Amino acid sequence: MEKTKLNKFIQKYNLGGNVNSVKWTAGTNQLKTSFVTPDKSLLGTVVADNVKFEDADMGVYQTDQLQKLLNVLDNDVDLSLTRAGDRAVSLKVKNGSVSVDYVLSDLSVIPDPPALKRLPDFQTQVKLDENFIDTFIKGKSALADVDMFTFVNDTDGNLNAVIGYSSTNTNRVTIPVETTKNGLTEPVTFNANLFKEMLVANKECKSAVLEVSNEGLAKVNFKIDDYDSTYFIVAMSDVD
């Protein structure tokens, strides 16, 4: 398989280093994972189709170490597992005569994402197109020390995404957004760092829809080539 395909799968859950420990599940020509950030403010699933690999559950405790090992190899790689009984204990990735071995962890040390027993109603739908994705990434980079962004209606009832929103005078970036439905009743604030990394990992997406609930949860699904990624983002406490 191509190493770039494996790297894209990793990038979509690793989110710039924010998610390091996950369980990979391979089977039926798929590679998938479910994950949660350490602060439990973002959780999701990533599925990569057309991945030919033996059926297995693999504990990847240090994704950052695996990424460094993959950097040793050229693009065309073969994957295989070393097992102890029914348990996968190491992953071998080989390119020609060069190979790397990554020690897999016991699945019991990998945090399980919490189950979403009930999804709220999503009153607002925001279009995420190439322009919004590019503008948000640039805006967050310009305000590197700002940790939050807020969806808020302006005086004309139009929805904006504001990086650095506050009732006081602050540096901020205001991005008008296109909605198919706008039922936002109060400003709702999310982690700008995680949101940016999510957009970076899926920036080749031409169009997606972000659903926002007044109860403080957002959901977005990206479908790009062989990848299907869904993210749930929990709102942060109100800003000043």
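In this predicted model, S15 and S16 make up a hairpin with just two residues between the strands, and Asp225 in that turn takes a positive phi of about 50 degrees. The pairing behind the hairpin is antiparallel: eight bridges join S15 (residues 217-224) to S16 (residues 227-234). One of the pairs puts Val220 together with Tyr231 of S16 as its bridge partner.

S15 also has a partner in S14, residues 207-213, again antiparallel, with four bridges joining the two. Here Glu211 sits opposite Lys219 of S15. This pair is a hairpin as well, though with three residues between the strands, and Gly216 is the residue with a positive phi, near 100 degrees.

Earlier in the chain there is an open sheet of four strands, ordered S11-S10-S9-S13 and paired antiparallel. Its edges are S11 (173-176) and S13 (188-191), each of which pairs on one side only. On average, neighbouring strands in this sheet are turned by 25 degrees against each other, ignoring direction.

At the S13 end of the sheet, S9 (residues 148-153) and S13 are held in antiparallel register by four bridges, and Met148 has Asn191 in S13 as its bridge partner. Helix H4, covering residues 192-201, lies across these two strands, S9 and S13, and runs at about 65 degrees to S13.

Definitions and conventions:
Residues are numbered from 1 along each chain as its sequence is written. This is a predicted model: local features need pLDDT of at least 70, side-chain atom pairs count only at pLDDT 80 or more; totals for chains, interfaces and linings use all residues. Side-chain values use heavy atoms; hydrogens and water are left out. Two strands pair if DSSP finds at least two bridges between them. Axes are lines fitted to C-alpha atoms, for helices over the stretch in contact, and angles run from 0 to 180 degrees between N-to-C directions. Contact means heavy atoms within 4.5 Å.
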